[in-house]
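Biologist: I am new to this structure. Could you walk me through how to read it, one feature at a time?

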Amino acid sequence: PRYTSYPTAPHFTDAFGPSDYLSVVEEANDGPHGDLSLYVHLPFCQQLCYYCACHMRVTQQRETIARYLDYVKREIDLVAERVAPWRRVVQIHWGGGTPTYLDPEEIGRLMHHLQQRFYVAPGAEISIEADPRGLTEAHVAVAHQVGFNRISFGVQDFDPETQVAIHRVQPVEQVAQATAWARQYGFQGVSYDLVYGLPHQTVDRFRRTVEQVLDLAPDRISLFSYAHVPWKKRHQQMIDEAALPSPQEKLRILLATIDQLTREGGYRYLGMDHFARPDDSLARAQVAGTMQRNFQGYSTHAGSELYGFGVSAISQLDGAYAQNELGLNRYYAALDDGRPATARGYRLSADDRLRRHVIMRLMCDRTLSIPSVERRFGIDFHATFADALADLEPLAADGLVTLTPERITVTDRGQFFIRNVAMPFDAYLRDTAPSTEPRYSQTV
């Protein structure tokens with residue numbers, strides 16, 4: 001598991017429905033977390049990228065997008081009327097799909113709707129994912145005008161052969177132009193998404209991509225491992241498995257890229273798949289211990305709850321998770337009935353909250369104070385997690401973690417396998433019977 005949540009999404013259940021979600025939203029007004037993050041899922045793309053594992057839909061019909069936006073606004077209204085007006089929104093993120101596949105005017109209208117329904121705090125971090133292909137200066141100008149201050153570009157790889165193999169051709173000049181527009185209009189942060197493990201990648205070929213990225217100097221870089229899950233995403237069958245790098249070569253690419261980004265580029269390695277310049281807000285959040293992990297990866301504002309809007313979107317509240325319908329028709333039908341589009345979810349038990357805290361702090365901080373956990377949850381850590389500590393012993397022998405009576409620390413080597421360090425604390429992995437079908441991607 002990548003632990004963007006705990007428990008992870010496969011453990012959500014349809015026993016948690018729309019009425020449960022509304023109850024949790026209203027209960028949260030009296031909870032310990034006042035600040036909010038908002039996520040809007042915009043699933044539409046102009047064409048299919050073969051590597052993609054996102055919940056997306058290819059369409060050329062502008063009326064399809066317009067209809068969807070009308071329903072998203074209805075969902076926003078349904079939730080907003082149950083959220084206390086004093087709760088501040090400190091973070092907004094639009095993902096997909098391709099949010100910038102919307103017309104500039106559609107971007108403006110949807111953001112204005114959000115701003116009318118929620119109290120967006122001054123200085124909130126507001127970000128949008130963008131595809132350099134098809135992006136215009138008007139998109140960037142309108143996005144900044146309505147409040148976006150961070151933008152993330154999907155780069156993946158600049159190698160021409162890899163781009164053809166994944167059905168995503170975008171010259172470096174295209175990304176450079178998009179980046180120049182973002183800086184021209186005053187975006188505070190520019191992020192790039194890179195993916196390693198794609199067809200035809202080698203250490204040397206990917207190094208050339210990273211050199212080009214360093215020349216463009218984004219503020220943040222996400223370095224994602226390609227998750228080849230054709231049993232879940234059937235379009236990934238279009239990728240030639242024989243062209244994929246071996247796990248050993250993938251690991252060499254990862255290690256070489258981390259060295260290149262940190263030593264040559266001066267980026268701070270935040271863990272697992274994120275890098276940032278030392279003065280970036282995400283790097284500062286890690287130093288302050290306020291970095292969190294959610295369904296967009298690593299993020300700032302650990303104390304905020306996440307409300308998701310749109311098909312497949314997941315809300316991440318203090319005591320529960322709720323995921324919307326995956327299909328457009330069922331999403332529309334729910335809102336036509338005047339109810340949230342919640343398809344499944346999960347209410348956390350006391351044990352879930354404890355294990356979520358342990359796993360998330362390891363994933364974000366790479367260290368865990370055992371006495372602090374004992375004080376916070378009123379437990380005997382060594383007794384409660386005797387099995388997990390025993391499972392960590394082989395990792396300690398391999399130099400991935402150091403264990404003392406008062407602290408668990410992930411080593412520099414172990415940070416590459418942070419998922420494996422977290423797994424011993426996952427009660428659901430212990431309780432799940434072996435399956436012939438893989439549930440998660442490989443660590444490397």
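Modeller: Keep in mind that this is a predicted model. Let us begin at the front of the chain. Pro7 sits in the segment before helix 1, which spans 18-28.

Biologist: What is the peptide bond from Tyr6 to Pro7, cis or trans?

Modeller: Read the omega angle. The bond from Tyr6 to Pro7 has omega near -5°, and it is cis.

Biologist: Where is Tyr3 placed?

Modeller: Tyr3 also belongs to the segment before helix 1. Look at its backbone: phi is positive, about 55°, although Tyr3 is not a glycine.

Biologist: Is Tyr3 buried or exposed?

Modeller: Compare the relative accessible area with the cut-off: under 20% is buried. Tyr3 has 1%, so it is buried.

Biologist: Which other residue has a positive phi although it is not a glycine?

Modeller: His200 has one, with phi of about 75°. Its place is the loop between strand 7 (189-196) and helix 7 (203-216).

Biologist: How does His200 count in terms of accessibility?

Modeller: Partly exposed means between 20% and 50%. His200 has 26% relative accessibility, so it counts as partly exposed.

Biologist: And the peptide bond from Gly96 to Gly97: cis or trans?

Modeller: That bond is cis, with omega near 20°. Gly97 lies in the loop between strand 4 and helix 3 (104-117).

Biologist: Now the whole chain. How many helices and strands does it have?

Modeller: There are 16 helices and 19 strands.

Biologist: Why is the chain called as compact as a globular protein of that length?

Modeller: Set the radius of gyration beside the globule rule. The chain has 21 Å, and the rule gives 22 Å for 444 residues. The two values are close, so the chain is as compact as a globular protein of that length.

Biologist: What box do the C-alpha atoms fill?

Modeller: Roughly 60 × 55 × 45 Å, taken along the principal axes.

Biologist: How much of the chain is buried?

Modeller: Buried residues are 56% of the 444. As for the surface, the chain exposes about 18300 Å². Carbon and sulfur atoms supply 50% of that area.

Biologist: How far apart are the mean positions of the positive and negative charges?

Modeller: The chain carries 45 positive and 54 negative charges, and their mean positions are 0 Å apart.

Biologist: What do the contacts tell me about sequence separation?

Modeller: Take contacts between residues at least 6 apart in sequence. Of these, 72% join residues at least 24 apart.

Biologist: What should I know about nonpolar side chains in general?

Modeller: In soluble globular proteins, they tend to be buried together. Here, the largest nonpolar core has 79 residues. Tyr68, Trp94, Phe118, Phe148 and Tyr307 touch the most other members. Helix 2 (residues 62-80) gives the most to this core, with nine residues.

Biologist: Which residues does Tyr68 touch?

Modeller: Skip residues up to four places away in sequence. Tyr68 then touches His41, Leu42, Pro43 and Phe44, among others. Its partners also include Gly310, Val311, Leu328, Tyr331 and Tyr332.

Biologist: What does the second core include?

Modeller: It is a separate core of 41 residues, and Tyr6, Tyr346, Leu354 and Leu392 are among them.

Biologist: Let us try single residues. Where is Gln91, and is it buried or exposed?

Modeller: Gln91 is in strand 4 (residues 88-96). Its relative accessible area is 6%, so it is buried. Beyond its neighbours within four places, Gln91 is in contact with residues including Leu36, Ala124, Gln292 and His301.

Biologist: How is Gln91 placed relative to Leu368?

Modeller: They are 277 residues apart along the chain, and their C-alpha atoms are separated by 26 Å.

Biologist: Where is Ile418, and in which helix?

Modeller: Ile418 is in helix 15 (residues 418-422). With 3% relative accessibility, Ile418 counts as buried. Not counting residues up to four places away, Ile418 touches Met272, Leu362, Met363 and Val410. Ile418 and Cys364 are 54 residues apart along the chain, with C-alpha atoms separated by 9.6 Å.

Biologist: One last case: which residues does Glu249 touch?

Modeller: Glu249 is in helix 8 (residues 247-264). Leaving out residues up to four places away, Glu249 touches Gln201, Thr202 and Val203. Its relative accessible area is 16%, so Glu249 is buried.

Terms used:
Residues are numbered from 1 along each chain as its sequence is written. This is a predicted model: local features need pLDDT of at least 70, side-chain atom pairs count only at pLDDT 80 or more; totals for chains, interfaces and linings use all residues. Side-chain values use heavy atoms; hydrogens and water are left out. Helices (H or I, at least four residues) and strands (E, at least two) are DSSP runs, numbered from the N terminus. The radius of gyration is taken over C-alpha atoms; the globule rule is 2.2 Å times the number of residues to the power 0.38. Buried means under 20% relative accessible area, exposed over 50%, partly exposed in between (1.4 Å probe, protein chains only). Contact means heavy atoms within 4.5 Å. Accessible areas come from the Shrake-Rupley method with a 1.4 Å probe; for residues, only the protein chains shown count as cover. Lys and Arg count as positive and Asp and Glu as negative; His and the chain ends are not counted. The place of a charge is taken as NZ of Lys, CZ of Arg, CG of Asp or CD of Glu. A nonpolar core is a set of buried Ala, Val, Leu, Ile, Met, Phe, Trp, Tyr and Cys residues joined through side-chain atoms within 4.5 Å.
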